[in-house]
Amino acid sequence: MRAQFVLSEIGVGLRRNLTMTFAVIVSVALSLALFGGALLMREQVSTMKDYWYDKVNVSIFLCNKADAATAAKCAKGAVTAQQKEQIEADLRKMDIVETVQHESADQAFKHYKEQYGDTAIASVVTPDQMQESFRVKLKDPEKYKVVATAFAGRDGVESVQDQRNILQNLFDLMNGMNIAALGVMGLMLVIALMLIVNTVRVSAFSRRRETGIMRLVGASSFYIQMPFIMEAAFAGLLGGAVACVLLLVGRYFLIDHGIALAEKMQLVNFIGWDAVLAKLPLVIAIGLLMPAVAAFIALRKYLKV
């Protein structure tokens with residue numbers, strides 16, 4: 001009988017505040033969708049870092065004849081065969097180095113033609129202008145500075161470059177987007193909480209006579225509050241469900257179909273469906289608990305009978 005009464009009160013409350021309940025559902029759905037999207041974006045950045053950092057190299061560019069005339073670091077002239085042998089030997093002695101690959105000027109010129117052969121400047125570039133280099137793969141890409149400190153400024157070395165820097169701008173952009181999404185999510189969350197509190201207050205005011213009678217006949221505070229809390233929880237649950245649908249639809253159209261980023265950006269290792277599905281229970285749980293807790297706190301102030 002008590003359960004039936006609570007359910008009937010929930011139905012009454014939802015009907016009386018249908019517009020505000022709908023606003024709560026929408027705001028909760030948007031805020032949780034942004035929250036889930038931010039979590040997925042963070043995981044995407046982490047996945048891309050793990051994927052690409054495992055593939056990037058440290059490049060040690062050697063001085064050539066052209067550098068000897070223009071670069072201060074190569075003032076002593078182009079790299080000699082003895083210097084190249086010593087650099088390679090020192091690289092192979094380092095515990096943090098996994099592999100060392102030498103790229104000659106001719107090989108560098110061939111790769112340049114493959115990548116930029118259609119550009120105007122490619123027609124005037126000659127093999128002797130290209131730099132020899134050592135492509136060094138590290139066991140731990142984070143230890144780039146060890147190599148840079150050991151070889152930067154050495155005779156025959158023009159520069160030491162970490163290829164991670166090429167990707168860092170992309171990761172910084174994605175992290176910035178993630179922070180922006182979290183900021184918007186926080187704003188939407190505040191709006192949702194304000195709507196929940198206001199909805200509970202209006203609902204409690206409209207039923208103040210019923211709650212007063214319940215208090216007079218000996219009903220406990222928790223029993224009186226339960227319909228209001230469950231109304232908010234139900235609206236939040238619907239909002240969480242809508243947020244889950246938005247996340248699934250977003251993953252489907254952005255990556256697999258529609259925009260189909262997976263086809264257009266095949267070099268990017270996108271997160272899979274398992275990562276999306278793993279976030280859905282958290283979104284549902286927050287959607288259920290957040291409004292319930294907000295309603296419980298609000299009722300302590302507004303449900304005075």
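Partly exposed means a relative accessible area between the buried limit, under 20%, and the exposed limit, over 50%. W273 has a relative accessible area of 32%, so W273 is partly exposed. The legends below use these words throughout. The model shown is predicted.

**Figure 1. The whole chain holds 11 helices and 4 strands.**
The protein chain has 305 residues, and buried residues make up 41% of them. Its accessible surface comes to about 17500 Å². Carbon and sulfur atoms hold 63% of that surface. Now look at the contacts with a separation of 6 or more. Residues 24 or more positions apart account for 81% of these. The structure also holds 5 salt bridges. Three of them, E88 with R92, D90 with R154 and R135 with E103, appear in later views.

**Figure 2. W273 sits in helix 11 and touches residues from elsewhere in the sequence.**
Helix 11 covers residues 273-302, and W273 is found there. Which residues does W273 touch, not counting those up to four places away in sequence? They are L248, R251, Y252 and D256. R251 lies over the face of the W273 ring. The distance from R251 to the ring centre is 4.9 Å. Y252 is another of the residues that W273 touches. W273 and Y252 are 21 residues apart in sequence. In space, their C-alpha atoms are 9.0 Å apart.

**Figure 3. Y252 and F253 make an aromatic pair.**
The count of aromatic pairs comes to 1. Y252 and F253 form that pair, and it is edge-to-face. A pair of aromatic rings is described by the distance of the centres and the angle of the planes. Here the centres are 5.1 Å apart, and the planes are at 85°. Why does this count as edge-to-face? The angle between the planes is 85°, and the label applies over 60 degrees. Are the two residues buried, exposed or in between? Y252 has 34% relative accessibility, so Y252 counts as partly exposed. F253 has 45% relative accessibility, so F253 is partly exposed too.

**Figure 4. Strand 3 is mostly covered.**
Strand 3 spans residues 133-138. How many of its 6 residues are buried? The count is 6 of 6. S133, R135 and K137 point one way from the strand. F134, V136 and L138 point the other way. All of these residues are buried, whichever way they point.

**Figure 5. Strand 3 pairs with strand 1 and with strand 2.**
Strand 1 covers residues 58-62. Strand 1 and strand 3 run antiparallel, joined by 4 bridges. In this pairing, F61 stands opposite S133. Strand 2 covers residues 97-103. Strand 2 and strand 3 also run antiparallel, and 6 bridges join them. Here T99 stands opposite K137.

**Figure 6. A salt bridge links R135 and E103.**
The side chains of R135 and E103 meet at 2.9 Å, N to O. R135 lies in strand 3 and E103 in strand 2, so the pair ties together parts that are 32 residues apart in sequence. E103 has a relative accessible area of 11%, so E103 is buried. R135 is buried as well.

**Figure 7. Helix 4 contributes E88 and D90 to two salt bridges.**
Begin with E88 and R92. Their side chains meet in a salt bridge, 2.9 Å from N to O. How many residues apart are E88 and R92 in helix 4? They are 4 residues apart in this helix (residues 81-93), so about one helical turn separates them. E88 has a relative accessible area of 26%, so E88 is partly exposed. R92 reaches 51%, so R92 is exposed.

Now turn to D90. D90 forms a salt bridge with R154, and the closest N and O atoms are 2.7 Å apart. This pair links distant parts of the chain, 64 residues apart. D90 is in helix 4, while R154 is in the loop between helix 6 (144-151) and strand 4 (157-162). D90 has a relative accessible area of 17%, so D90 is buried. R154 has 26% relative accessibility, so R154 counts as partly exposed.

**Figure 8. A180 lies in helix 7.**
Helix 7 covers residues 164-206. A180 has 45% relative accessibility, so A180 is partly exposed. How many residues separate A180 and L34 in sequence? The separation is 146 residues. In space, the two residues are 9.8 Å apart, C-alpha to C-alpha.

Definitions and conventions. Residues numbered from 1 in each chain as written. Predicted model: local features only at pLDDT ≥ 70, side-chain atom pairs only at ≥ 80, totals over all residues. Heavy atoms only, no water. Buried < 20%, exposed > 50% of the residue type's maximum accessible area, 1.4 Å probe, protein only. Pairing = 2+ DSSP bridges. Phe/Tyr/Trp six-rings, centres within 6.5 Å; stacked < 30°, edge-to-face > 60°. Lys NZ or Arg CZ within 6 Å of the ring centre and 35° of its normal. Contact = heavy atoms within 4.5 Å. Areas by Shrake-Rupley, 256 points an atom, 1.4 Å probe, with all protein chains shown as cover. Salt bridge = Lys/Arg side-chain N within 4 Å of Asp/Glu carboxyl O.
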